[in-house]
Amino acid sequence: MKIWNVTKRIDDEVLLEAASALRAGELVAFPTETVYGLGANAFSEDAVKSVFTTKGRPADNPLIVHIARAEDVAKVIPHDITLCTPIKQAMAAFWPGPLTILVPASDAIAPSVRPGLDTVGVRCPNHPVAQRLLELAGVPVAAPSANVSGRPSPTRARDVVDDLDGKIAGVVDGGPCEVGLESTVVLITDACATIYRPGAITQSDLEVALGIPVSLDPFLTAETEQPKSPGMKYRHYAPDASVHVWWGDELEVTQAIEQFVRHHADESVAVISPTAFDVPITWHPHTEEDYTIALSRELYGLLREFDRRHASHILVHGVPPQGPGLALMNRLQKAAEGRVYQV
Ligand code: TXA
Ligand code: MG
């Protein structure tokens, strides 16, 4: 597969090749501020269908459509529709950025983008490479994360190569992603908003900007509920190693990790925590860096790296599931398949 490198300079000549492939219905992976997306022309049912087969993605899981500029939202909604004021406020406040808004879908959008749904998720990414690529492509681009379904989302071009080499036209390499976790997905009406998937734009960010109550899909706090966003029900983000997460009292978390390491001395145990740990495979942020933000950015890359290094267990010092910590703990919960302990 082709690698279009624009890490040094956003070169239109290079991007035009990728954009033409997209327009023509081929699959092109590209960087966004959250994770790398696997792009397909959202007007082409054939292109969109091949996204599902290439990723091994369940057909009932809708895709997010990406647009170059906020005004391009007109291309994905019916002509006779005006969006409600809070949706317009959200676009003005958070676009370009890591917020996906569910809007009424135009018939022009390929049906497989939103299987059986009358809404489509739309987002204007805040990444100069994504914006220029979308502009040059001239069509809305449906793009799920560019991983094989069930693997951690890719945050570097080489993660995309690892998962999809030989299966897609190519990847635009724009360097590592800054946010590292997928966008917030939100349904907004005149009266209220509901977060279906937590991300870097938080519940209180939305409440402040929209001035209406913002709630979390009950699924996010009680796993017994059915999620409103189909993708949330699938096993996701899981590495080969078993992941264990503790959060709560700092000292007790550290003690729990130390004890696990002692009891599994004959196994390869990796540790992710705010401070250095005396094990061969470990990660902690640079001093001065916020742990939640830094780990959100690095998490998927670490899960992939620790698998490459054959860790049998990955132990994570978790954070309270609030503010930006909610998105991080939501992804850790999935990676840990329930092995999350509050101490
Ligand atoms: O940050 C992101 O959102 C990245 C980058 C590439 O933009 N994309 C991404 O796409 O994470 P994906 O396909 O991995 O996740 C899309 C999520 C799924 O949970 C899906 O169920 C939900 O958005 N979704 C999309 N359209 C929806 C709709 N109409 N109604 C409810 N949920 C929807
Ligand atoms: Mg995904």
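In the predicted model, A29 of strand 2 has L38 of strand 3 as its bridge partner. Strand 2, comprising residues 28-30, runs antiparallel to strand 3, and the two are joined by 3 bridges. The connection between strand 2 and strand 3 is a hairpin of 6 residues.

Strand 3 also pairs with strand 7 (residues 141-142), again in an antiparallel arrangement, here through 2 bridges. Within strand 7, V141 is the bridge partner of N41.

The side chains of a regular strand alternate between the two faces of the sheet. In strand 3, G37, G39 and N41 lie on one side, whereas L38 and A40 lie on the other, and both faces are covered, each of these residues being buried. Because 5 of the 5 residues of strand 3 (residues 37-41) are buried, that is, under 20% relative accessible area, the strand is largely enclosed by the rest of the structure. The residues named above as bridge partners within this strand, L38 and N41, are thus assigned to opposite sides of strand 3.

A separate feature of the model is the second largest pocket, which contains about 300 Å³ of space. This pocket is lined by 13 residues, of which L220, P321, M329, N330 and Q333 are the closest to its centre. Helix 9, spanning residues 324-336, supplies the largest share of the lining, with 5 residues. By residue class, the lining of the second largest pocket consists of 8 nonpolar, 3 polar and 2 charged residues.

How values were computed
Residues are numbered from 1 along each chain as its sequence is written. Chains are lettered from A and ligands numbered from 1 in the order in which they are written. This is a predicted model: local features need pLDDT of at least 70, side-chain atom pairs count only at pLDDT 80 or more; totals for chains, interfaces and linings use all residues. Side-chain values use heavy atoms; hydrogens and water are left out. Buried means under 20% relative accessible area, exposed over 50%, partly exposed in between (1.4 Å probe, protein chains only). Helices (H or I, at least four residues) and strands (E, at least two) are DSSP runs, numbered from the N terminus. Two strands pair if DSSP finds at least two bridges between them. On a 1 Å grid over the protein atoms alone, a cavity is a set of points where a 1.4 Å probe fits but cannot get out, and a pocket is an open set with protein on both sides within 12 Å along at least five of seven lines; lining residues have an atom within 4 Å of a point. Grid points are joined across faces, edges and corners, and a volume is the space filled by probe spheres set on the points. Ala, Val, Leu, Ile, Met, Phe, Trp, Tyr, Cys and Pro count as nonpolar, Asp, Glu, Lys and Arg as charged, and the others, Gly among them, as polar.
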